[in-house]
Amino acid sequence: MTRAGFIGLAGRPNVGKSTLVNRIVGSHVAIVSMRPQTTRRAIRGIHTDTEAERQLVLVDLPGVQRPRDVLTERMQKRVERELADSDLALIVINGEEGVGPGDRFIARALVAANSRLPTICAVNKADRLGPNEIVPVLAQAAELEGVDEVFPISAQSGDGVEVLIDRLGELMPEGPCLYPPEDHSDQSSELLLAELIREQVLNRTRQEIPHSVEVAVKEIEQREDGLVTVRAEIWAETESQKRILIGKSGAKVSEIGTAARSALEAELSAKVHLDLKVRVRSHWRRDDDLLDRLGIE
């Protein structure tokens, strides 16, 4: 009998949730950045193993936080909705940093959102710790409120991830696959490509820029010779942010575009011409209609 279900991933910024989703799925479906609150939408990564008769739908949730504008208010409500509909919660912590107040806050928030939800904790970056260092971290993780089991892993190298996948599969409810076996994500092509471009913006801009930036793919066109043209816009909230994103003589946007084009070509398995523009959309994070169109529910 096939087992399939939804797994909500929660954790502090930069603990490796998105890296873990990509590792389990085997495809780049969630963007990775050192910037906090990188994930704005509940990104679903789909892992299907037909031989093992299991499908894991991993929901990379936006970080648990106190809402400060319409954007973050929507993000927080999405976290609560997704957890209410999940079959299991997976808390990811940074083994190098140990269990801190933020991890305890998240564990309590998960219990508050759905007290009946089975919860597993993955201690990431365990490969960077010696035996005497990892044991107390695992013990602390086991004491988190609501946590049933703890697994040491490395999302980067893959150590321990197969054992975690096997256990997640065992805990899924019996039932048919929720998505076609060949799917890796429920994102549209436009959204996935926009996120890959935003990933490069986040990794190449200063601290004041990332939360003010969104990327929208306006058109994807494939020519007969196989070249794919992607027309996209980077949105900033102010003219000063726009100038930073463009850079002197266009150097910054060119740097972003070059890196983004490589990511798009890897995703599309085709040569890509990226037409990338920077424009100002004032207060876009407070615009309900615009957030609806961006899929930030």
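Three strands of this predicted model make up an open sheet in the order β7-β8-β9, and their pairing is mixed. β7 (214-222) and β9 (272-280) are the edge strands, each with a single partner strand, so one side of each has no neighbour in the sheet. On average, and ignoring direction, neighbouring strands here are turned by 15 degrees against each other. Two helices, α7 and α8, pack on this sheet as well, and they are a good place to go next.

**The sheet and its helices**

- Strand β8 (residues 228-236) pairs with β9 in the parallel sense, and nine bridges hold that pairing in the count.
- Within this pair of strands, Glu233 has Lys277 of β9 standing opposite.
- Helix α7 (residues 239-246) packs on the sheet and touches both β8 and β9. The direction of α7 makes about 155 degrees with that of β9.
- Helix α8 (residues 251-268) also packs on the sheet, again touching β8 and β9. For α8, the angle with the direction of β9 is about 135 degrees.
- As a handy reminder, side chains in a regular strand alternate between the two faces of the sheet.

**How α7 meets α8**

- Two packed helices are described by the angle between their axes and the distance between those axes.
- For α7 and α8, the angle is about 60 degrees and the axes are 4 Å apart.
- That angle makes α7 oblique to α8.
- On the α7 side, the contact is made by Ile244, Leu245 and Ile246. On the α8 side, Ala251, Lys252, Val253 and Ile256 take part.

**Gln200, a polar residue to look up**

- Gln200 belongs to helix α6 (residues 189-202).
- Is Gln200 buried or exposed? With 10% relative accessibility, Gln200 counts as buried.
- Leaving aside residues up to four places away in sequence, Gln200 touches Ile256, Ala259, Ala260 and Ala263. Ile256 is also one of the α8 residues in the contact with α7.

**The β2-β3 hairpin**

- Strand β2 (residues 43-49) has five of its seven residues buried, so β2 is largely enclosed by the rest of the structure.
- β2 runs antiparallel to strand β3 (residues 54-60), and seven bridges join the two.
- Thr48 stands opposite Gln55 in β3.
- Four residues lie between β2 and β3 in this hairpin. One to check in your backbone plot is Glu53 in the turn, with a positive phi of about 55 degrees.

**Gly102 and Gly11**

- Gly102 sits in helix α3 (residues 101-113).
- Its relative accessibility is 25%, so Gly102 counts as partly exposed.
- Gly102 and Gly11 are 91 residues apart along the chain, and 8.3 Å separates their C-alpha atoms.

**Aromatic rings**

- How many aromatic pairs does a search of the whole structure find? The search finds zero.
- A charge over a ring does turn up: Arg281 lies over the face of Trp235, at 4.6 Å from the ring centre.

**The whole protein**

- The protein has nine helices and nine strands.
- Its chain has 297 residues, of which 52% count as buried.
- Taking contacts between residues at least 6 apart in sequence, 71% join residues at least 24 apart.

Note on methods:
Residues numbered from 1 in each chain as written. Predicted model: local features only at pLDDT ≥ 70, side-chain atom pairs only at ≥ 80, totals over all residues. Heavy atoms only, no water. Pairing = 2+ DSSP bridges. Axes fitted to C-alpha atoms, helices over the stretch in contact; angles between N-to-C directions. Contact = heavy atoms within 4.5 Å. Buried < 20%, exposed > 50% of the residue type's maximum accessible area, 1.4 Å probe, protein only. Phe/Tyr/Trp six-rings, centres within 6.5 Å; stacked < 30°, edge-to-face > 60°. Lys NZ or Arg CZ within 6 Å of the ring centre and 35° of its normal. Parallel < 35°, antiparallel > 145°, perpendicular 65-115°, else oblique.
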